[in-house]
Amino acid sequence: MPSRHHLLCILSPSLSLVFFFFFLLSFHGVHSAFPTICESQSQCGNISIKYPFSTVSDAPVYCGYPHLRISCPDVDNPPTISLPGDTYLVTEINYVEETLTLVDIDVADRICPRASHNLTINSLPLGYNSADVNLTFFFNCSTPTLAPNPARAIDCLRSGDNQSYVFVDMSPDKAAAIREAWGCEEAVVAAVKRTEVTAANGGDELAGAMSEGFALDWAAVRECGACEHSGGRCAFNKNEQLLCFCEDGSNHTDGSFCKVPWSIITR
């Protein structure tokens with residue numbers, strides 16, 4: 001009868017081949033899973049999240065644009081997105097029109113909402129939608145006692161003798177002049193949907209229009225253009241290093257991109 005040591009010696013080559021087989025299989029599984037990362041979508045409340053958006057997680061790699069990461073606390077609460085200066089509720093993502101509808105979390109469900117900051121999107125792959133209109137708010141103004149048209153007083157924000165006002169589509173230069181002339185504590189610009197603004201709106205109603213949100217368009221991120229043009233999907237790791245995932249299962253981290261199918265080249 002062979003000794004235990006002898007049996008181990010006989011089995012070792014076979015075990016080595018088995019382990020080597022599983023090593024190759026696991027590597028292939030990770031390799032081929034990369035496109036799945038980009039094709040997957042998740043549901044957060046009634047919002048479907050998919051490329052170029054992604055959910056915030058601890059995963060070492062995510063597929064999508066760096067500034068379009070959605071936080072999904074749980075299925076009962078709406079998703080949020082962090083943009084410069086504040087956090088916004090995501091109420092709709094339209095993948096056909098490529099629009100994103102947001103509500104400032106500071107004004108959501110407020111009876112008398114108060115805009116607290118401007119939104120700067122210059123460095124983001126986002127732009128205001130043609131359905132938006134800007135409201136310029138002037139808070140705690142000491143004068144005038146009777147605001148001229150088209151200023152509309154926001155009665156619910158009145159503080160003693162000081163009054164707050166809102167204008168529709170005012171230029172930045174004119175806003176700066178009015179703030180100084182009227183002795184206003186602060187001036188803030190907020191976007192709202194044009195459909196929420198009518199000639200009949202009073203100041204309180206215009207302020208409440210912020211609760212209905214505003215729309216932003218998204219565009220391709222500049223550094224992702226070559227990858228997407230080659231048929232790939234843009235991804236990033238925790239160091240914000242650009243990765244390009246391809247339909248054939250390959251992925252590129254060296255600045256190269258997907259091999260464009262001959263059928264596309266010859267179209």
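These exercises with worked solutions deal with a predicted model.

**Exercise 1. Salt bridges**

Find how many salt bridges the model has, which residues form them, and which parts of the chain they link.

Step 1. Apply the cut-off: a side-chain nitrogen of Lys or Arg must lie within 4 Å of a carboxyl oxygen of Asp or Glu. The count by this rule is two salt bridges.

Step 2. Take the pair of Glu39 and Arg233. Their closest N and O atoms are 3.7 Å apart, so the pair meets the cut-off of within 4 Å.

Step 3. Place this pair on the chain. Glu39 belongs to helix 1 (residues 4-39) and Arg233 to strand 15 (residues 233-237), with their positions 194 residues apart in sequence.

Step 4. Classify the two residues. Glu39 has 54% relative accessibility and counts as exposed, while Arg233, at 28%, counts as partly exposed.

Step 5. Turn to Arg114 and Glu186, whose side chains form a salt bridge with an N to O distance of 3.3 Å. Arg114 sits in the loop between strand 8 (99-104) and strand 9 (126-128), and Glu186 sits in strand 13 (residues 186-193), so this salt bridge ties together parts 72 residues apart in sequence.

Step 6. Arg114 is partly exposed at 28% relative accessibility. Glu186 is also partly exposed, with a relative accessible area of 24%.

**Exercise 2. Disulfides**

State how many disulfides the model has, then describe the pairs that contain Cys44, Cys141 and Cys227.

Step 1. The count is seven disulfides. A disulfide is a covalent bond between the sulfur atoms of two cysteines.

Step 2. Cys44 is joined to Cys72, with an S to S distance of 2.0 Å. The angle about this S-S bond is 105°, and the link of Cys44 and Cys72 is right-handed.

Step 3. Cys44 lies in strand 1 (residues 42-44), whereas Cys72 lies in the loop between strand 5 (69-71) and strand 6, so the bond ties together parts 28 residues apart in sequence. Cys44 is buried, at 0% relative accessibility, but Cys72 is partly exposed, with a relative accessible area of 30%.

Step 4. Cys141 pairs with Cys184, and their sulfur atoms are 2.0 Å apart. This link is right-handed, with 105° about the S-S bond. Cys141 is in strand 10 and Cys184 is in the loop between helix 2 (172-182) and strand 13, 43 residues apart. Both Cys141 and Cys184 are buried.

Step 5. Cys227 pairs with Cys244, and here the sulfur atoms are 2.1 Å apart. The angle about the S-S bond is 90°, and the link of Cys227 and Cys244 is right-handed. Cys227 comes from helix 4 (residues 225-229) and Cys244 from strand 16, so parts 17 residues apart in sequence are tied together. Both Cys227 and Cys244 are buried.

**Exercise 3. Nonpolar cores**

Identify the residues with the most contacts to other members of the largest nonpolar core, the elements that supply this core, and the contacts of Leu126.

Step 1. The largest nonpolar core has 34 residues, and those touching the most other members are Phe53, Ile81, Leu83, Val90, Leu100, Leu102 and Leu126.

Step 2. Several elements give two or more residues to this core, among them strand 2 (47-49), strand 4 (61-63), strand 6 (80-83), strand 7 (86-94) and strand 14 (214-218).

Step 3. Leave out residues up to four places away in sequence. Leu126 then touches Leu68, Leu83, Leu100, Ile121, Leu216, Asp217 and Trp218.

Step 4. A second core, separate from the largest, has 20 residues, including Leu89, Val133, Val192 and Ala207.

**Exercise 4. Two buried residues**

Explain why Thr136 and Gly249 are classed as buried, and describe where each is found.

Step 1. Buried means under 20% relative accessible area. Thr136 has 1% and is therefore buried; Gly249 has 7% and is therefore buried.

Step 2. Thr136 is part of strand 10 (residues 132-141). With residues up to four places away in sequence left out, Thr136 touches Tyr165, Val166, Phe167, Met170, Ala175, Val188 and Val189.

Step 3. Gly249 is in the loop between strand 16 and strand 17 (251-252). Gly249 and Thr36 are 213 residues apart in sequence, and their C-alpha atoms are 9.0 Å apart in space.

Technical notes. Residues are numbered from 1 along each chain as its sequence is written. This is a predicted model: local features need pLDDT of at least 70, side-chain atom pairs count only at pLDDT 80 or more; totals for chains, interfaces and linings use all residues. Side-chain values use heavy atoms; hydrogens and water are left out. Helices (H or I, at least four residues) and strands (E, at least two) are DSSP runs, numbered from the N terminus. Buried means under 20% relative accessible area, exposed over 50%, partly exposed in between (1.4 Å probe, protein chains only). A nonpolar core is a set of buried Ala, Val, Leu, Ile, Met, Phe, Trp, Tyr and Cys residues joined through side-chain atoms within 4.5 Å. Contact means heavy atoms within 4.5 Å. A disulfide is a pair of cysteine sulfur atoms within 2.5 Å.
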